[in-house]
Amino acid sequence: VTEEEMDNPTFKSDTILSDVHLYCPDKRHLMVRLNAVGQPVFLSYFKLLWNPKDLASQKHGREAGTEREHQYESGGEPCDSDRNNLRKEKESNIEGVEALLDDDGDLEVVRRPRSASSVEAEDLSRDRVYPVILMKGEEDAFEDEEQEGGCSDVVKIEHTMATPLEDVGKQVWRAAFLLADYILFKRDTFRCCSVLELGGGTGITSIIMGTVAKRVYCTDVGEDLLAMCEKNITLNKHLMEPGRGEVKVKELDWLKDQFCTDPEAPYSWSEEEIADLHDHCTVIMAADVFYDDDLTDALFRMLYRITHNLRNSCTVYLALEKRLNFTLRHMDVTCEAYNHFRNTLNDLENLQDKKMKYTVEPIKLDFCQFLIYERIEQL
(Lines give C-alpha, C1' and ligand atoms only; values in the text may rest on other atoms or scores of the structure.)
Protein backbone atom coordinates (compact mmCIF):
# COMPACT_ATOMS: atom_id res chain seq x y z
CA VAL A 1 0.00 0.00 0.00
CA THR A 2 1.43 3.36 -0.99
CA GLU A 3 1.58 6.35 1.35
CA GLU A 4 -0.98 8.16 -0.83
CA GLU A 5 -3.43 5.26 -0.53
CA MET A 6 -3.00 5.25 3.24
CA ASP A 7 -3.91 8.95 3.35
CA ASN A 8 -7.13 8.33 1.38
CA PRO A 9 -8.65 5.09 2.67
CA THR A 10 -11.84 3.91 0.96
CA PHE A 11 -14.28 1.38 2.35
CA LYS A 12 -16.43 -0.50 -0.12
CA SER A 13 -19.33 -2.90 0.23
CA ASP A 14 -21.23 -4.39 -2.69
CA THR A 15 -24.29 -5.43 -0.68
CA ILE A 16 -27.28 -3.14 -0.16
CA LEU A 17 -30.02 -4.24 2.27
CA SER A 18 -33.51 -2.81 2.67
CA ASP A 19 -34.83 -2.97 6.23
CA VAL A 20 -38.55 -2.86 5.38
CA HIS A 21 -39.05 -6.58 5.97
CA LEU A 22 -37.10 -6.43 9.24
CA TYR A 23 -39.78 -4.20 10.74
CA CYS A 24 -42.29 -7.08 10.56
CA PRO A 25 -40.46 -9.99 12.22
CA ASP A 26 -43.62 -12.08 12.52
CA LYS A 27 -44.37 -11.94 8.80
CA ARG A 28 -43.51 -14.73 6.43
CA HIS A 29 -41.03 -14.19 3.62
CA LEU A 30 -41.00 -17.33 1.47
CA MET A 31 -38.02 -17.95 -0.77
CA VAL A 32 -39.71 -19.12 -3.96
CA ARG A 33 -36.94 -19.22 -6.55
CA LEU A 34 -33.62 -17.93 -7.80
CA ASN A 35 -33.77 -15.21 -10.43
CA ALA A 36 -31.77 -15.02 -13.66
CA VAL A 37 -28.64 -13.78 -11.87
CA GLY A 38 -28.86 -16.31 -9.02
CA GLN A 39 -30.32 -14.03 -6.33
CA PRO A 40 -32.87 -15.57 -3.91
CA VAL A 41 -36.36 -14.21 -4.59
CA PHE A 42 -38.80 -13.99 -1.67
CA LEU A 43 -42.58 -13.65 -1.63
CA SER A 44 -43.87 -11.32 1.08
CA TYR A 45 -47.36 -10.30 2.15
CA PHE A 46 -48.10 -6.71 3.11
CA LYS A 47 -51.44 -6.02 4.76
CA LEU A 48 -53.40 -2.88 3.90
CA LEU A 49 -54.85 -1.26 7.01
CA TRP A 50 -57.97 0.40 5.69
CA ASN A 51 -58.86 1.35 9.25
CA PRO A 52 -55.98 3.41 10.72
CA LYS A 53 -56.90 2.02 14.16
CA ASP A 54 -55.58 -1.34 12.95
CA LEU A 55 -52.09 0.15 12.81
CA ALA A 56 -52.41 1.40 16.37
CA SER A 57 -53.37 -2.10 17.52
CA GLN A 58 -50.32 -3.51 15.69
CA LYS A 59 -48.08 -1.16 17.67
CA HIS A 60 -49.94 -1.57 20.95
CA GLY A 61 -48.29 -4.85 21.88
CA ARG A 62 -44.80 -3.43 21.42
CA GLU A 63 -45.54 -0.16 23.21
CA ALA A 64 -47.79 -1.30 26.07
CA GLY A 65 -44.93 -1.93 28.49
CA THR A 66 -43.16 1.38 27.96
CA GLU A 67 -46.43 3.31 27.84
CA ARG A 68 -47.28 2.36 31.42
CA GLU A 69 -43.82 3.43 32.56
CA HIS A 70 -43.90 6.84 30.89
CA GLN A 71 -47.56 7.84 30.88
CA TYR A 72 -47.03 10.29 33.78
CA GLU A 73 -43.80 11.86 32.60
CA SER A 74 -45.49 14.79 30.86
CA GLY A 75 -48.83 14.80 32.65
CA GLY A 76 -47.98 15.75 36.26
CA GLU A 77 -48.27 13.59 39.35
CA PRO A 78 -50.52 10.51 39.37
CA CYS A 79 -53.52 10.44 41.70
CA ASP A 80 -53.63 8.15 44.77
CA SER A 81 -55.50 5.36 43.01
CA ASP A 82 -53.00 5.42 40.13
CA ARG A 83 -50.11 5.31 42.62
CA ASN A 84 -51.63 2.24 44.24
CA ASN A 85 -52.14 0.55 40.90
CA LEU A 86 -48.55 1.24 39.84
CA ARG A 87 -47.24 0.01 43.20
CA LYS A 88 -49.28 -3.22 42.96
CA GLU A 89 -48.13 -3.75 39.37
CA LYS A 90 -44.47 -3.35 40.35
CA GLU A 91 -44.91 -5.68 43.33
CA SER A 92 -46.58 -8.32 41.20
CA ASN A 93 -43.79 -7.99 38.63
CA ILE A 94 -41.17 -8.49 41.34
CA GLU A 95 -43.03 -11.49 42.74
CA GLY A 96 -43.35 -12.91 39.23
CA VAL A 97 -39.62 -12.63 38.66
CA GLU A 98 -38.78 -14.16 42.05
CA ALA A 99 -41.01 -17.13 41.27
CA LEU A 100 -38.79 -17.90 38.26
CA LEU A 101 -35.56 -18.02 40.28
CA ASP A 102 -34.07 -21.30 41.47
CA ASP A 103 -32.38 -21.91 44.84
CA ASP A 104 -29.15 -20.29 43.64
CA GLY A 105 -30.93 -17.21 42.31
CA ASP A 106 -30.55 -18.20 38.64
CA LEU A 107 -33.40 -17.44 36.27
CA GLU A 108 -35.30 -20.52 35.15
CA VAL A 109 -36.70 -19.88 31.67
CA VAL A 110 -39.91 -21.69 30.81
CA ARG A 111 -39.61 -23.00 27.28
CA ARG A 112 -42.59 -22.89 24.97
CA PRO A 113 -43.81 -26.49 24.42
CA ARG A 114 -43.62 -27.91 20.93
CA SER A 115 -47.31 -28.79 21.03
CA ALA A 116 -49.83 -26.91 23.12
CA SER A 117 -53.53 -26.32 23.25
CA SER A 118 -54.89 -23.20 21.57
CA VAL A 119 -55.22 -21.45 24.93
CA GLU A 120 -51.67 -22.33 25.96
CA ALA A 121 -50.35 -21.39 22.55
CA GLU A 122 -52.03 -18.01 22.79
CA ASP A 123 -50.46 -17.33 26.18
CA LEU A 124 -47.03 -18.40 25.00
CA SER A 125 -47.16 -16.83 21.54
CA ARG A 126 -44.21 -14.79 20.37
CA ASP A 127 -42.91 -13.30 17.16
CA ARG A 128 -41.60 -15.85 14.72
CA VAL A 129 -38.72 -14.76 12.55
CA TYR A 130 -38.60 -16.07 8.98
CA PRO A 131 -37.70 -16.51 6.00
CA VAL A 132 -38.95 -19.99 5.29
CA ILE A 133 -36.98 -21.72 2.56
CA LEU A 134 -38.99 -23.68 0.02
CA MET A 135 -37.93 -25.82 -2.87
CA LYS A 136 -39.24 -24.67 -6.22
CA GLY A 137 -42.20 -26.74 -7.28
CA GLU A 138 -43.63 -27.48 -3.84
CA GLU A 139 -47.04 -26.05 -4.67
CA ASP A 140 -48.68 -27.52 -1.57
CA ALA A 141 -46.58 -25.27 0.62
CA PHE A 142 -48.40 -22.24 -0.76
CA GLU A 143 -51.96 -23.29 0.11
CA ASP A 144 -52.15 -21.22 3.31
CA GLU A 145 -50.39 -18.32 1.68
CA GLU A 146 -52.74 -18.34 -1.30
CA GLN A 147 -55.73 -18.19 1.02
CA GLU A 148 -54.21 -15.27 2.88
CA GLY A 149 -52.97 -13.52 -0.25
CA GLY A 150 -56.28 -13.72 -2.10
CA CYS A 151 -57.82 -11.17 0.28
CA SER A 152 -58.67 -7.66 -0.84
CA ASP A 153 -56.42 -6.18 1.87
CA VAL A 154 -53.16 -8.05 1.16
CA VAL A 155 -50.47 -7.08 -1.36
CA LYS A 156 -48.20 -9.91 -2.52
CA ILE A 157 -44.73 -8.87 -3.66
CA GLU A 158 -41.82 -10.89 -4.99
CA HIS A 159 -38.53 -9.20 -4.10
CA THR A 160 -34.97 -9.80 -3.05
CA MET A 161 -33.63 -8.94 0.41
CA ALA A 162 -30.06 -7.94 -0.45
CA THR A 163 -28.50 -6.92 -3.76
CA PRO A 164 -25.56 -5.07 -5.28
CA LEU A 165 -26.17 -1.34 -5.80
CA GLU A 166 -27.14 -1.78 -9.44
CA ASP A 167 -30.00 -4.11 -8.47
CA VAL A 168 -31.57 -2.16 -5.60
CA GLY A 169 -34.80 -1.87 -7.60
CA LYS A 170 -35.47 -5.52 -6.76
CA GLN A 171 -35.91 -4.68 -3.07
CA VAL A 172 -38.79 -2.99 -1.26
CA TRP A 173 -38.07 0.46 0.16
CA ARG A 174 -39.76 2.65 2.76
CA ALA A 175 -40.41 5.59 0.44
CA ALA A 176 -42.47 3.30 -1.80
CA PHE A 177 -44.72 2.58 1.20
CA LEU A 178 -44.90 6.29 1.99
CA LEU A 179 -46.04 7.13 -1.54
CA ALA A 180 -48.49 4.21 -1.47
CA ASP A 181 -49.93 5.61 1.78
CA TYR A 182 -50.44 8.99 0.14
CA ILE A 183 -52.18 7.41 -2.85
CA LEU A 184 -54.57 5.54 -0.58
CA PHE A 185 -55.17 8.65 1.50
CA LYS A 186 -55.89 10.77 -1.60
CA ARG A 187 -57.84 8.17 -3.58
CA ASP A 188 -60.20 10.71 -5.14
CA THR A 189 -57.28 12.80 -6.41
CA PHE A 190 -55.93 9.89 -8.47
CA ARG A 191 -59.20 8.27 -9.50
CA CYS A 192 -59.33 7.53 -13.25
CA CYS A 193 -55.95 9.25 -13.87
CA SER A 194 -53.31 8.16 -16.34
CA VAL A 195 -50.03 7.76 -14.43
CA LEU A 196 -46.33 7.20 -15.17
CA GLU A 197 -44.01 5.75 -12.54
CA LEU A 198 -40.28 6.21 -12.99
CA GLY A 199 -38.05 3.55 -11.40
CA GLY A 200 -41.00 1.33 -10.41
CA GLY A 201 -38.80 -1.50 -9.08
CA THR A 202 -40.92 -4.31 -7.64
CA GLY A 203 -44.06 -2.42 -8.70
CA ILE A 204 -45.68 -2.04 -5.28
CA THR A 205 -46.47 1.68 -5.71
CA SER A 206 -47.87 1.16 -9.21
CA ILE A 207 -50.02 -1.69 -7.88
CA ILE A 208 -51.50 0.58 -5.21
CA MET A 209 -52.02 3.33 -7.79
CA GLY A 210 -53.68 0.75 -10.05
CA THR A 211 -56.44 0.29 -7.48
CA VAL A 212 -57.73 3.82 -8.20
CA ALA A 213 -56.15 5.07 -11.46
CA LYS A 214 -57.35 4.21 -14.95
CA ARG A 215 -53.94 3.32 -16.36
CA VAL A 216 -50.43 3.14 -14.90
CA TYR A 217 -47.21 2.82 -16.89
CA CYS A 218 -44.72 1.24 -14.48
CA THR A 219 -41.23 1.73 -15.88
CA ASP A 220 -37.68 0.68 -15.07
CA VAL A 221 -34.71 -0.95 -16.78
CA GLY A 222 -33.37 -4.51 -16.82
CA GLU A 223 -35.28 -7.48 -18.19
CA ASP A 224 -34.93 -9.50 -14.97
CA LEU A 225 -36.31 -6.65 -12.84
CA LEU A 226 -39.14 -5.90 -15.26
CA ALA A 227 -40.11 -9.60 -15.34
CA MET A 228 -40.31 -9.60 -11.52
CA CYS A 229 -42.39 -6.43 -11.64
CA GLU A 230 -44.77 -7.96 -14.17
CA LYS A 231 -45.12 -11.06 -11.99
CA ASN A 232 -46.11 -8.83 -9.05
CA ILE A 233 -48.72 -7.06 -11.19
CA THR A 234 -50.21 -10.46 -12.00
CA LEU A 235 -50.13 -11.56 -8.35
CA ASN A 236 -52.21 -8.52 -7.37
CA LYS A 237 -54.76 -8.31 -10.18
CA HIS A 238 -57.49 -9.03 -7.60
CA LEU A 239 -56.79 -5.61 -6.07
CA MET A 240 -57.15 -3.72 -9.35
CA GLU A 241 -60.12 -5.56 -10.86
CA PRO A 242 -62.84 -3.73 -8.86
CA GLY A 243 -61.76 -0.35 -10.27
CA ARG A 244 -60.76 -1.83 -13.65
CA GLY A 245 -57.33 -0.26 -13.32
CA GLU A 246 -54.58 -1.34 -15.69
CA VAL A 247 -50.84 -1.46 -14.97
CA LYS A 248 -48.45 -1.84 -17.91
CA VAL A 249 -44.79 -2.69 -17.33
CA LYS A 250 -42.48 -0.85 -19.73
CA GLU A 251 -38.77 -0.19 -20.16
CA LEU A 252 -37.67 3.42 -19.72
CA ASP A 253 -33.95 4.12 -19.57
CA TRP A 254 -33.22 7.61 -18.20
CA LEU A 255 -29.82 7.59 -19.90
CA LYS A 256 -31.45 7.40 -23.35
CA ASP A 257 -33.27 10.21 -25.11
CA GLN A 258 -35.99 8.07 -26.69
CA PHE A 259 -38.53 5.45 -25.66
CA CYS A 260 -37.63 1.88 -26.61
CA THR A 261 -39.91 1.05 -29.56
CA ASP A 262 -38.13 -2.05 -30.89
CA PRO A 263 -40.93 -4.62 -31.28
CA GLU A 264 -38.40 -7.42 -30.72
CA ALA A 265 -37.36 -6.04 -27.34
CA PRO A 266 -39.33 -7.14 -24.27
CA TYR A 267 -41.29 -4.37 -22.48
CA SER A 268 -40.92 -1.96 -25.41
CA TRP A 269 -43.43 0.79 -26.19
CA SER A 270 -45.84 0.90 -29.10
CA GLU A 271 -46.47 4.20 -30.87
CA GLU A 272 -50.05 4.06 -29.55
CA GLU A 273 -48.84 3.74 -25.95
CA ILE A 274 -46.45 6.68 -26.31
CA ALA A 275 -49.26 8.78 -27.79
CA ASP A 276 -51.59 7.71 -24.98
CA LEU A 277 -48.99 8.75 -22.39
CA HIS A 278 -48.46 12.15 -23.97
CA ASP A 279 -52.18 12.79 -24.47
CA HIS A 280 -53.55 11.64 -21.10
CA CYS A 281 -50.85 11.48 -18.41
CA THR A 282 -51.49 13.92 -15.55
CA VAL A 283 -49.48 12.23 -12.77
CA ILE A 284 -45.81 11.18 -12.64
CA MET A 285 -44.38 9.51 -9.54
CA ALA A 286 -41.07 8.11 -8.31
CA ALA A 287 -40.08 6.58 -4.96
CA ASP A 288 -36.59 6.13 -3.52
CA VAL A 289 -34.68 6.66 -6.75
CA PHE A 290 -32.33 9.40 -5.51
CA TYR A 291 -29.19 7.62 -4.33
CA ASP A 292 -26.75 8.26 -7.20
CA ASP A 293 -25.97 11.75 -8.49
CA ASP A 294 -25.64 10.72 -12.13
CA LEU A 295 -28.99 8.89 -12.03
CA THR A 296 -30.59 11.88 -10.29
CA ASP A 297 -29.40 14.15 -13.11
CA ALA A 298 -30.65 11.65 -15.69
CA LEU A 299 -34.05 11.43 -13.99
CA PHE A 300 -34.57 15.19 -14.04
CA ARG A 301 -33.55 15.35 -17.69
CA MET A 302 -36.11 12.63 -18.42
CA LEU A 303 -38.75 14.51 -16.42
CA TYR A 304 -38.06 17.64 -18.45
CA ARG A 305 -38.34 15.80 -21.77
CA ILE A 306 -41.56 13.98 -20.85
CA THR A 307 -43.37 16.96 -19.34
CA HIS A 308 -42.53 19.04 -22.42
CA ASN A 309 -44.45 16.55 -24.55
CA LEU A 310 -47.54 16.23 -22.32
CA ARG A 311 -50.78 17.74 -23.54
CA ASN A 312 -52.04 18.42 -20.01
CA SER A 313 -50.49 19.94 -16.92
CA CYS A 314 -48.97 17.32 -14.67
CA THR A 315 -48.19 16.76 -10.99
CA VAL A 316 -44.99 14.91 -10.09
CA TYR A 317 -44.84 13.12 -6.72
CA LEU A 318 -41.34 12.34 -5.44
CA ALA A 319 -40.86 10.27 -2.27
CA LEU A 320 -37.45 9.53 -0.79
CA GLU A 321 -35.55 8.71 2.34
CA LYS A 322 -32.89 11.16 3.47
CA ARG A 323 -30.00 8.78 4.19
CA LEU A 324 -27.34 9.85 6.65
CA ASN A 325 -23.79 8.68 5.99
CA PHE A 326 -20.51 9.34 7.74
CA THR A 327 -17.81 10.30 5.23
CA LEU A 328 -14.10 10.58 5.79
CA ARG A 329 -13.98 13.40 3.25
CA HIS A 330 -16.13 15.60 5.50
CA MET A 331 -15.36 13.84 8.79
CA ASP A 332 -19.03 14.30 9.52
CA VAL A 333 -22.48 12.83 8.91
CA THR A 334 -23.73 14.10 5.55
CA CYS A 335 -26.58 13.51 3.09
CA GLU A 336 -24.78 14.02 -0.19
CA ALA A 337 -27.30 12.22 -2.42
CA TYR A 338 -30.16 14.12 -0.81
CA ASN A 339 -28.36 17.44 -1.06
CA HIS A 340 -27.72 16.86 -4.76
CA PHE A 341 -31.39 16.00 -5.24
CA ARG A 342 -32.51 19.24 -3.55
CA ASN A 343 -30.07 21.32 -5.59
CA THR A 344 -31.27 19.75 -8.83
CA LEU A 345 -34.88 20.26 -7.77
CA ASN A 346 -34.17 23.95 -7.13
CA ASP A 347 -32.57 24.23 -10.57
CA LEU A 348 -35.72 22.79 -12.14
CA GLU A 349 -37.96 25.22 -10.24
CA ASN A 350 -35.78 28.18 -11.26
CA LEU A 351 -35.59 27.07 -14.88
CA GLN A 352 -36.36 29.88 -17.35
CA ASP A 353 -38.58 28.22 -19.91
CA LYS A 354 -41.23 29.95 -22.03
CA LYS A 355 -43.40 26.82 -22.26
CA MET A 356 -43.04 25.21 -18.83
CA LYS A 357 -43.28 26.42 -15.25
CA TYR A 358 -42.29 24.07 -12.39
CA THR A 359 -43.49 24.72 -8.85
CA VAL A 360 -42.21 22.69 -5.90
CA GLU A 361 -44.29 22.11 -2.76
CA PRO A 362 -43.55 19.87 0.24
CA ILE A 363 -46.23 17.48 1.51
CA LYS A 364 -46.73 17.12 5.25
CA LEU A 365 -46.44 13.56 6.48
CA ASP A 366 -49.42 13.71 8.81
CA PHE A 367 -51.68 11.66 6.55
CA CYS A 368 -52.94 8.22 7.53
CA GLN A 369 -50.66 5.19 7.42
CA PHE A 370 -52.14 2.22 5.57
CA LEU A 371 -49.12 -0.12 5.51
CA ILE A 372 -47.03 -1.43 8.36
CA TYR A 373 -43.59 0.16 8.21
CA GLU A 374 -41.58 2.62 10.23
CA ARG A 375 -42.41 6.16 9.09
CA ILE A 376 -39.16 7.73 10.20
CA GLU A 377 -38.47 11.46 10.20
CA GLN A 378 -35.97 11.08 7.33
CA LEU A 379 -38.80 10.22 4.91
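This is a short conversation about a helix pair, a pocket and a cavity in a predicted model.

Reader: What kind of model is this, and how are its residues numbered?
Author: The model is predicted: local features need pLDDT of at least 70, side-chain atom pairs count only at pLDDT 80 or more, and totals for chains, interfaces and linings use all residues. Residues are numbered from 1 along each chain as its sequence is written, and side-chain values use heavy atoms, with hydrogens and water left out.

Reader: Why are helix 12 and helix 13 called roughly parallel?
Author: Happy to explain! The axes of helix 12 (residues 293-309) and helix 13 (residues 336-349) cross at roughly 25° and come within 10 Å. Angles under 35 degrees count as roughly parallel, so the two helices earn that description. The axes are lines fitted to C-alpha atoms over the stretch in contact, with angles from 0 to 180 degrees between N-to-C directions.

Reader: Which residues make the contact?
Author: Helix 12 brings Asp293, Thr296, Asp297 and Phe300, while helix 13 brings Glu336, Ala337, His340, Phe341, Thr344, Leu345 and Leu348. Contact here means heavy atoms within 4.5 Å. These residues divide into 5 nonpolar, 3 polar and 3 charged. In this scheme Ala, Val, Leu, Ile, Met, Phe, Trp, Tyr, Cys and Pro are nonpolar, Asp, Glu, Lys and Arg are charged, and the others, Gly among them, are polar.

Reader: What makes something a pocket or a cavity?
Author: On a 1 Å grid over the protein atoms alone, a cavity is a set of points where a 1.4 Å probe fits but cannot get out, whereas a pocket is an open set with protein on both sides within 12 Å along at least five of seven lines; lining residues have an atom within 4 Å of a point.

Reader: What is the volume of the second largest pocket, and which element gives the most to its lining?
Author: The volume is about 1300 Å³. Of its 39 lining residues, Val316, Tyr317, Leu318, Val360 and Glu361 are the closest to the centre. Helix 13 gives the most, with 6 residues.

Reader: And which residues line the second largest cavity?
Author: Ser18, Val20, His21, Phe46, His159, Thr160, Met161, Gln171 and Val172 do, around about 40 Å³ of space. The lining has 4 nonpolar, 5 polar and no charged residues.

Key: Helices (H or I, at least four residues) and strands (E, at least two) are DSSP runs, numbered from the N terminus. Angles under 35 degrees count as roughly parallel, over 145 as roughly antiparallel, 65 to 115 as roughly perpendicular and the rest as oblique. Grid points are joined across faces, edges and corners, and a volume is the space filled by probe spheres set on the points.
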